[in-house]
Amino acid sequence: MQNTDIMVIAIDGHSSCGKSTVAKELAKKLHIAYVDTGAMYRSVTLYALRNGFIKDGQCDVPALENAFDNIKITFDFNAETGTNCTFLNGENVESEIRGLEVSSNVSMISAIPQVRHRLVDWQRQMGKEKSLVMDGRDIGTVVFPDAQIKIFMTASDEVRAQRRYDELKGKGQEASYEEVLFNVRERDRIDSTRAESPLRKADDAVLLDNSNMTREEQFQWILDLIDTKTKK
């Protein structure tokens with residue numbers, strides 16, 4: 001039974017629609033914890049790539065499962081930049097896990113039941129201890145089905161691809177818009193059709209299509225929603 005004094009905000013949605021950005025802003029505004037589940041799956045993907053568990057588009061699941069106890073994922077707030085950083089076994093991998101190679105393989109890793117079960121257990125434990133905002137693909141449907149506030153974010157695939165392309169270019173990473181658009185569409189397909197916890201909108205989640213919204217408009221929309229929900 002979840003502590004009634006604890007508030008969980010679950011944000012699900014498609015890739016590259018700004019879930020992590022708005023979740024971080026909410027956590028800062030509301031003074032609650034932020035957990036980037038996407039970064040967790042990306043970190044596992046990076047570990048698998050570095051250790052040769054992914055070859056020819058396939059993952060050696062038994063090898064990854066055997067190595068899972070050696071994977072430690074932590075988050076730390078960088079006061080200088082005002083951002084959260086993801087650490088894999090003590091190494092800051094925030095930049096590397098956002099690259100195209102990890103992006104091209106993370107949906108496959110996320111679909112592995114053994115990976116999802118391990119990470120979901122850890123995520124649920126966090127939600128028992130303190131108020132938090134968490135974003136991902138199955139937060140409102142699997143991880144926290146009883147979350148007080150559920151939001152499902154989306155945008156057109158072209159808009160999401162352009163945002164992702166601009167982000168990569170801004171970081172000095174080489175990529176073509178066509179590659180990024182293909183990656184966005186392929187991730188949508190894999191995320192929505194996988195057997196284990198497929199991406200879907202929870203019945204009681206509020207849909208937010210931010211294709212034509214500014215970040216400021218989107219943030220205010222969510223704050224208004226939270227205000228309405230918490231007053232009920």
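Where is Asp76 found? Select that residue and let's begin there, remembering as you go that this is a predicted model.

**Stop 1: Asp76**

Asp76 sits in strand 5, which covers residues 73-78. Colour its surface and you will find Asp76 partly exposed, at 43% relative accessibility. Now add Glu217 to your selection. Asp76 and Glu217 are 141 residues apart in sequence, and their C-alpha atoms lie 28 Å apart in space.

**Stop 2: Gln123 and Val35**

For another pair, select Gln123 in helix 5, which runs over residues 113-129. Is Gln123 buried or exposed? At 0% relative accessibility, Gln123 counts as buried. Then click on Val35. Along the chain, Gln123 and Val35 are 88 residues apart, while 8.1 Å separates their C-alpha atoms.

**Stop 3: Thr86, Glu94 and Arg98**

Select Thr86 next, in strand 6 (residues 83-88). Thr86 is buried, with a relative accessible area of 1%. Show side chains here, and look for the partner of Thr86: its side chain makes a polar contact of 2.7 Å with the side chain of Glu94.

Stay with Glu94, and add Arg98. Glu94 and Arg98 form a salt bridge, with their closest N and O atoms 2.9 Å apart. What are the relative accessible areas of these two residues? Glu94 has 16% and is buried, and Arg98, at 11%, is buried too.

**Stop 4: a salt bridge between distant parts of the chain**

The total for this model is 17 salt bridges. To see another one, select Asp69 and Arg118, whose closest N and O atoms are 3.0 Å apart. This pair links distant parts of the chain, 49 residues apart: Asp69 belongs to the loop between helix 3 (61-67) and strand 5, and Arg118 to helix 5. Asp69 is exposed, with 64% relative accessible area, whereas Arg118 is partly exposed at 38%.

**Stop 5: a salt bridge within one helix**

Move on to helix 8 and select Glu186 and Arg189. Their side chains meet in a salt bridge of 2.6 Å, N to O. Why are Glu186 and Arg189 separated by about one helical turn? Because the two are three residues apart in helix 8. Both ends can be checked on the surface: Arg189 is partly exposed at 46%, and Glu186 is partly exposed at 27%. Salt bridges can also share partners, and in this way Asp36, Glu94 and Arg98 are joined into one network. Select those three together to see the network.

**Stop 6: Glu196, a charge without a salt bridge**

From helix 8 (177-193), follow the chain into the loop that leads to strand 10 (206-209), and pick out Glu196 there. Glu196 is buried yet has no salt bridge. How far away is the nearest side chain of opposite charge? That side chain belongs to Arg116, 5.5 Å from Glu196. A salt bridge needs the nitrogen and oxygen to be within 4 Å, so this pair does not count as one. Now show His117 as well: a polar contact of 2.9 Å joins the side chains of Glu196 and His117.

**Stop 7: two backbone angles**

Switch to the backbone for a moment. Most residues other than glycine have a negative phi. Which way does Ser16 go, positive or negative? Ser16 has a positive phi of about 60°, although it is not a glycine. You will find Ser16 in the loop between strand 1 (8-13) and helix 1, where it is partly exposed at 23% relative accessibility.

Asp56 is another residue other than glycine with a positive phi, near 55°. Asp56 lies in the loop between strand 3 (54-55) and strand 4 (58-59), and it is exposed, with a relative accessible area of 80%.

**Stop 8: the largest pocket**

To finish, select Gly18, Lys19, Ser20, Thr21 and Lys24. Of the 47 residues lining the largest pocket, these lie nearest its centre. The space inside the largest pocket comes to about 1,100 Å³. Which element gives the largest share of the lining? Helix 1 (residues 19-30) does, with eight residues. Colour the lining by class and you will find 20 charged, 17 polar and 10 nonpolar residues.

Methods: Residues numbered from 1 in each chain as written. Predicted model: local features only at pLDDT ≥ 70, side-chain atom pairs only at ≥ 80, totals over all residues. Heavy atoms only, no water. 1 Å grid on protein atoms, 1.4 Å probe; cavity = no way out; pocket = protein on both sides within 12 Å on 5 of 7 lines; lining within 4 Å. Points joined across faces, edges and corners; volume = space filled by probe spheres on them. Helix = DSSP H or I, 4+ residues; strand = E, 2+ residues; numbered from the N terminus. Nonpolar A, V, L, I, M, F, W, Y, C, P; charged D, E, K, R; others polar. Buried < 20%, exposed > 50% of the residue type's maximum accessible area, 1.4 Å probe, protein only. Lys, Arg positive; Asp, Glu negative; His and termini not counted. Polar contact = N/O pair within 3.5 Å; in protein donor to acceptor, adjacent residues only side chain to side chain.
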